[in-house]
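Reader: Can you walk me through this model? I have some short questions.
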Amino acid sequence: MTTTDSKRRQIAGRGIPVTGNDIDTDRIIPARFLKAVTFEGMGEHAFEDARKQNPEHPFNQPAYQGASVLVVGQNFGCGSSREHAPQALMRWGIRAIVGGSYGEIFFGNCLILGIPCLVTTQADLEWLQKAVERAPQQQVTVDVEKQEVRFGDRTIKATIPDGPRNQLVGGTWDSTAVLLEAGAAIESTAKRLPYIVGY
Amino acid sequence: MARTLLDKVWEVHTVRTLPSGQTQLLIGLHLIHEVTTPQAFQMLKDSKLKVRMPERTFGTLDHIIPTTDQTRPYADPMAEDMATHMYRNMKEFGLPLFDMSTGKQGIVHVIGPELGLTQPGMTIACGDSHTSTHGAVGAIAFGIGTTQVRDVLATQCLAMAKPKLRQVRVEGALTRGVYAKDVILTIINQLGVKGGVGYAYEYAGPVIERMTMEERLTVCNMSIEGGARFGYVNPDATTIDYLRGRPYAPAGPAFDRAVTWWKTVATEPSAQFDDVARIDGAAIEPVVTWGINPGMSVGVNQSLPSPDAQPEPERPTFREALAHMGFEAGQPIKGARIDVAFVGSCTNGRLSDLRVAAEVAKKGKVAKHVRALIVPGSQQVAKAAEAEGLHEVFQAAGFQWRKAGCSMCLGMNDDKLQGREMSASSSNRNFIGRQGSPTGRTLLMSPAMVAAAAINGAVADVREILR
């Protein structure tokens, strides 16, 4: 992926709403799929048990196939740190998420994969969920840089903290290279820690 | 200005401020296990990167290992493949692995403190959300994903934002039959499962101060269930006594020098917090969860809440929880029939947990319809428990005595719920499908309460059994 490609200024695509609060990462990807030593094929198992139990689950519905903007409720992705959750969503096709709040480890895992998770108000969230349900073929635009979401003729405010936004917009979310740039400062920081140099 | 432990530990581990505005934070201790690392090692190989500080990473096997027959190859070929990858990667990158042959294997959050790897003032990361456990000794310890594991391996650093800090004070004193698990379940119930998002929790107050280290580990373990990525307790005499003599703790005069430093990292008395929450310890009862997240709980003598009494946005989740569990609003939790009892996990799989469960197990026999498992958190816990004869107490009462691992906390090995089985569990999550069956049901409670439920065949008040 080139530097230009990695910039996540805005993401546009069809929406898919998954309503309900506190949807945990066990629900997004059950633990039995964590026994694979690669993330390949994880996309087909996104919400697997929830989909089996509920034929009406949005991930089952033909209208939402090919969607890339996930609209969720409060505390989405709480629980387990498993990166398999955002990996499954990403490999299913999700490129951006709009919700009320997120489990913080999930948020960080999405960030390092270049998936912006934006936060909006409960009222705007309910409106967006319903709007996407009514017009699943219509494009949702998640503007990370301007911190807004556009759908039809309406624009809602949707925020993301400065640090993650700068990483996404600047294309530095895949952080290894940036962290390595610190060079010897890493070792000099370690040297001021008594538990590393010896008490 | 007076500073908190979070301020001090964060500052001393700050490598630099990144162009994004985040902190490049040095990770002093990196713990790894077989499930969330194979992809990280592969990314490292694909990028031709080395492990930056191999002496700062330690590994174990816990999530997928069987708790019955541990002969290789494992019966489950996928588990065997995960173990093989772990052995190969640890060898290739020159990292130590506490496997079964070492006698030090166990759940990563049990062995870290047990070996004295976990120390005050450290930053600790692990590809596991319950890394918050290690905060009990006064460390900043949090869970990360697999790509972040790659970053820690390659750079010993993470790009992080410093959270706000909430002091959670547990005042007064606990009553008999109430344990650390009841304290943290009460905190989560009162502050909410997302109450801690954006915050770290500093646990304080007389109840926390009086707790043993193992009790503090239970409390900090479930910080993440309250939304807080990490929580900690300031190091004190209990911390120092706990660490003295542990294999990876400093020894001799170095221990005294370490103690001097540990004391300097504690929060100063006049430090300010972004928020303070107070919990009345005397009012805490034995707690049982009834729903599908750890905040959905009641005291054992209370009835289930009505969805209609909740704020509008919360009602669908409450209705979904009641439907999944097969419960009705207003019914008492006491008397709810169980099929499985599980004592173990990084929350409650330590020696003191097994001791208290054994005390209850002495009072009766496991009900005929209940399958009851005792899974020690580590090989060392198992050894110490066996030295006290606890395994015999359990076996005589009809509990199965298993080998150390994560087991039925998340059902990645053979220890799973079947169908709609109802489990009384000392673990940390009652999420739908968590214990290995998509339709399985989980009631979280303290180890004493699990043992009581096992004997009674249904949720019981352990205080009535211990009377």
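Reader: How much of chain B counts as buried?
Author: Of its 467 residues, 61% are buried, meaning that 20 or more other C-beta atoms, placed from the backbone, lie within 10 Å of a residue's own. This is a predicted model, where local features need pLDDT of at least 70 and side-chain atom pairs count only at pLDDT 80 or more, while totals for chains, interfaces and linings use all residues. Residues are numbered from 1 along each chain as its sequence is written, with chains lettered from A and ligands numbered from 1 in the order in which they are written.

Reader: And what share of chain A is buried?
Author: 48% of the 199 residues of chain A.

Reader: Back to chain B. How many helices and strands?
Author: Chain B has 17 helices and 19 strands, taken as DSSP runs numbered from the N terminus (helices H or I, at least four residues; strands E, at least two). Chain A has 10 helices and 7 strands.

Reader: What is the radius of gyration of chain B?
Author: 21 Å, which agrees with the value near 23 Å for a compact globule of 467 residues. The radius is taken over C-alpha atoms, and the globule rule is 2.2 Å times the number of residues to the power 0.38. Along the principal axes, the C-alpha atoms of chain B fill a box of roughly 55 × 55 × 45 Å.

Reader: Which helix pair can you describe there?
Author: α13 (residues 351–361) and α15 (residues 390–397) of chain B, whose axes come within 9 Å and cross at roughly 40°. Axes are lines fitted to C-alpha atoms, for helices over the stretch in contact, with angles from 0 to 180 degrees between N-to-C directions.

Reader: Why oblique, then?
Author: α13(B) and α15(B) are oblique to each other because angles under 35 degrees count as roughly parallel, over 145 as roughly antiparallel, 65 to 115 as roughly perpendicular and the rest as oblique.

Reader: Which residues meet?
Author: L354(B), R355(B), A358(B) and A361(B) of α13(B) meet L390(B), V393(B), F394(B) and A397(B) of α15(B). By class, that contact of α13(B) with α15(B) has 7 nonpolar, no polar and 1 charged residues. Ala, Val, Leu, Ile, Met, Phe, Trp, Tyr, Cys and Pro count as nonpolar, Asp, Glu, Lys and Arg as charged, and the others, Gly among them, as polar.

Reader: Now the interface. How many residues of each chain are in contact?
Author: 55 of chain A with 68 of chain B, where contact puts the C-beta atoms, placed from the backbone, within 7 Å. By class, the side of chain A that touches chain B has 22 nonpolar, 22 polar and 11 charged residues.

How values were computed. A residue is buried if 20 or more other C-beta atoms lie within 10 Å of its own, exposed if 12 or fewer, and partly exposed in between; C-beta atoms are placed from the backbone. Two residues are in contact if their C-beta atoms, placed from the backbone, lie within 7 Å.
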